[in-house]
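Dear colleague,

Please find the structure below, handed over for your reference. I would be grateful if you would read the notes after it with the coordinates open.

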Amino acid sequence: MIDILLVEDNETIVKGLEYAFAKKDYQYRSVSSIKEACFLLADTSFSLIVLDISLPDGDGLSFFEGEIRKRGIPTLFLTAVDEEETIVKSLNLGAEDYVTKPFSTKELMARINRILLRNKKDSVIRARKLSFDMDKMTVEREGKPVELTSLELKLLHFLFLNINRTVTRNTLLDKIWEWTGNDVDDHTVTVYMKRIREKVGNDMITTVKGIGYRVDQHEK
């Protein structure tokens, strides 16, 4: 079970994230201060902590260093301070990731999903006939290795990071551009999805007409 602790004093952000957590069926607790967070940490185990750096009763970085890090709980920082020094310090302290306010809830949820996947004891995600080892970056279909190019592997990996969720064509286009630096168009996504399907099976990637693609963990 995924259990998230949200430590944030901005009510608008809290309401938006609570809605997003509920849609993903994540269990969560939200508090607005370090004092309340300490109280919960005393007797509750969490899968992930989403922690604001600036809180009414203290500094989130110091709280992480003094109380959270020793518990080994993956932590994502929320910060309104877009400064390299603060970001580097949070990562050096052992944070998994950070997001600068204002942020997209979809982006934050994608980052949370990646953190949860990275910290799974079993790094292999299974989706019907496919298994994807997220640590080794290898794919098997019914126990047999599937050979993919570097870009095909990255695209399938991104779909697995968003398993059971539709990834838009525009998002995939942006990712291809980010990974290759090459000019791409809408047809590029179609070509790569066709190539991946030829290797993993046409039944493994669902097309959501006019929107994008999805890998489902179980048969619909």
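The notes that follow cover helix packing, aromatic rings, one strand residue and the backbone.

This is a predicted model, in which local features need pLDDT of at least 70 and side-chain atom pairs count only at pLDDT 80 or more, while totals for chains, interfaces and linings use all residues. Residues are numbered from 1 along each chain as its sequence is written, and side-chain values use heavy atoms, with hydrogens and water left out.

Helix packing

Helices (H or I, at least four residues) and strands (E, at least two) are DSSP runs numbered from the N terminus. Axes are lines fitted to C-alpha atoms, for helices over the stretch in contact, with angles from 0 to 180 degrees between N-to-C directions. Angles under 35 degrees count as roughly parallel, over 145 as roughly antiparallel, 65 to 115 as roughly perpendicular and the rest as oblique.

Helix α6 (residues 150–161) takes part in two packings described here. With helix α5 (residues 105–118), the axes come within 10 Å and cross at roughly 95°, so α5 and α6 are roughly perpendicular to each other. On the α5 side, Asn113, Arg114 and Leu117 are in contact (heavy atoms within 4.5 Å) with Phe158, Phe160 and Leu161 of α6. These residues divide into four nonpolar, one polar and one charged. For this count, Ala, Val, Leu, Ile, Met, Phe, Trp, Tyr, Cys and Pro are nonpolar, Asp, Glu, Lys and Arg are charged, and the others, Gly among them, are polar.

With helix α8 (residues 186–200), α6 packs at an angle of about 85°, the axes being 10 Å apart; α6 is therefore roughly perpendicular to α8. From α6 the contact draws on Leu151, Glu152, Leu155, Leu156 and Leu159, and from α8 on Tyr192, Met193, Arg195, Ile196, Lys199 and Val200. Here the division is eight nonpolar, no polar and three charged. Within α8, Arg195 also lies over the face of Tyr192, at 5.1 Å from the ring centre; the criterion is NZ of Lys or CZ of Arg within 6 Å of the centre and within 35 degrees of the ring normal.

Aromatic pairs

The whole structure holds three aromatic pairs. Rings of Phe, Tyr and Trp (its six-membered ring) pair if their centres lie within 6.5 Å; planes under 30 degrees apart count as stacked, over 60 as edge-to-face and the rest as tilted. Phe21 and Tyr28 have ring centres 5.7 Å apart and planes at 50°, so this pair is tilted. Phe64 and Phe77 have centres 5.5 Å apart and planes at 70°, so they are edge-to-face. This second pair links distant parts of the chain, with Phe64 in helix α3 (residues 60–68) and Phe77 in strand β6 (residues 75–79), 13 residues apart. Both Phe64 and Phe77 are buried, where buried means under 20% relative accessible area, exposed over 50% and partly exposed in between (1.4 Å probe, protein chains only).

Strand β6 also contains Thr79, which is buried at 2% relative accessibility. Beyond its neighbours within four places in sequence, Thr79 contacts Ile53, Thr86, Val99, Thr100 and Lys101.

Backbone

Most residues other than glycine have a negative phi, and most peptide bonds are trans. Lys101 and Pro102 are joined by a cis peptide bond, with omega about -10°. Arg128 has a positive phi of about 55° and is partly exposed at 26%. Glu142 has phi near 50° and is exposed at 58%.

Yours faithfully
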